[in-house]
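The exercises below ask you to read a structure step by step. Try each task on your own before you turn to its solution.

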Amino acid sequence: MSRWCDFEGRPVQAPEPPEQGSFYGPIGDWQGEEYERNAFTAGTAQEAAFLREELSLDNGALVVDVGCGTGRHVRALAGDGVRVVGVDLSGGLLRAAAQRRPGDWVQADARHLPLRAGCADIVWSLCQGGFGITAGGDVRVLREMVRVLRPGGRLALTAFSLVFAARWLVTGDAIDVERELLHSAADVRGRDGQQRRFDLWTQCYSAGHLRLLAEQMGLAVDALHGVEPGAYRRTAPALNHPELLLLATKLA
Ligand SMILES: C[S@@+](CC[C@H](N)C(=O)[O-])C[C@H]1O[C@@H](n2cnc3c(N)ncnc32)[C@H](O)[C@@H]1O
């Protein structure tokens with residue numbers, strides 16, 4: 001049974017995520033190229049530069065970007081000699097990605113990556129790209145990410161912080177503490193400039209939960225940072241960090 005509550009812990013009604021777990025496809029299709037008008041995309045270059053450094057990204061490495069959206073991180077790496085496969089549910093976002101840069105854009109669900117086991121040097125899911133917004137499906141998403149990674153390969157993912165979500169819950173948002181699930185409704189501007197309201201369900205994590213999950217998947221956790229969009233840094237997670245950034249290595 002769900003136990004949604006508001007910012008004061010009072011029981012409230014909130015819709016349940018769809019049975020199939022994934023819900024972002026229609027939102028992405030609605031936004032298309034407008035997605036990059038979201039303020040949180042402004043820090044893409046900083047995020048890509050930080051990851052390039054921390055993951056020791058080499059020329060020729062194959063990077064799989066899970067939930068790549070419009071491919072903003074892929075484009076930021078252009079010119080670095082890396083090869084990238086971008087996977088996303090949303091045809092609308094992938095079309096926007098392809099318009100900006102030709103590449104390997106694959107429409108698929110992150111729970112079933114259509115990629116060979118061990119093919120990738122680096123796999124990441126950024127800004128809740130599949131991991132964190134596939135209600136009830138994160139274990140399958142992470143298992144797939146680990147499967148396509150070669151032994152010794154590096155993984156990066158961001159996840160929304162449970163302590164931040166609980167601390168800054170606003171009117172209209174609801175949280176289910178047992179499932180660590182946040183519900184919010186967002187007005188999203190589409191390609192025609194019109195706004196439409198969508199339900200969002202974000203799986204939140206404590207640092208300890210995320211670490212445990214990664215270790216159970218055969219990953220060695222290299223670092224767990226507290227970050228915010230456009231400000232990826234080597235900082236211990238704190239109450240004011242909206243996101244956790246996990247960096248890990250696949251054990252042989
Ligand atoms: C908040 S956006 C982040 C996009 C991109 N990583 C970025 O940093 O801008 C979430 C992305 O994940 C994709 N997504 C959500 N659930 C997914 C799933 N189950 N499989 C594949 N992609 C998914 C959405 O279509 C969307 O592009």
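**Exercise 1.** In which pocket does the ligand sit?

*Solution.* Keep in mind from the outset that this is a predicted model. Looking at where the ligand is placed, we find that the ligand sits in the largest pocket.

**Exercise 2.** Describe the residues that surround the ligand, and find polar contacts to the ligand.

*Solution.* Begin with the shell as a whole: there are 21 residues around the ligand, and Tyr35, Gly67, Arg72, Asp88 and Ala110 come nearest. Next, sort the shell by class, which gives ten nonpolar, eight polar and three charged residues.

Then look for pairs of N or O atoms within 3.5 Å, the cut-off for a polar contact. In the side chain of Tyr35, an N or O atom is 2.7 Å from an oxygen atom of the ligand. At Gly67 the partner is a backbone N or O atom, which lies 2.7 Å from a nitrogen atom of the ligand. The side chain of Thr134 has an N or O atom 3.0 Å from a nitrogen atom of the ligand. Finally, consider how much of the ligand is covered: on its own the ligand has 590 Å² of accessible area, and the protein covers 98% of this area.

**Exercise 3.** How many disulfides does the structure hold, and are Cys119 and Cys204 buried or exposed?

*Solution.* The structure holds zero disulfides. To check this for Cys119, take the nearest cysteine sulfur, which belongs to Cys68 and is 15 Å away; because a disulfide needs two cysteine sulfur atoms within 2.5 Å, Cys119 is in no disulfide. Cys119 has a relative accessibility of 18% and therefore counts as buried, since the limit is under 20%.

Repeat the steps for Cys204, whose nearest cysteine sulfur is that of Cys5, 12 Å away, and which is likewise in no disulfide. With 0% relative accessibility, Cys204 counts as buried.

Key. Residues numbered from 1 in each chain as written. Predicted model: local features only at pLDDT ≥ 70, side-chain atom pairs only at ≥ 80, totals over all residues. Heavy atoms only, no water. Near = heavy atom within 4 Å. Polar contact = N/O pair within 3.5 Å; in protein donor to acceptor, adjacent residues only side chain to side chain. Areas by Shrake-Rupley, 256 points an atom, 1.4 Å probe, with all protein chains shown as cover. 1 Å grid on protein atoms, 1.4 Å probe; cavity = no way out; pocket = protein on both sides within 12 Å on 5 of 7 lines; lining within 4 Å. Sits in = over half its atoms within 2 Å of the grid points. Nonpolar A, V, L, I, M, F, W, Y, C, P; charged D, E, K, R; others polar. Buried < 20%, exposed > 50% of the residue type's maximum accessible area, 1.4 Å probe, protein only.
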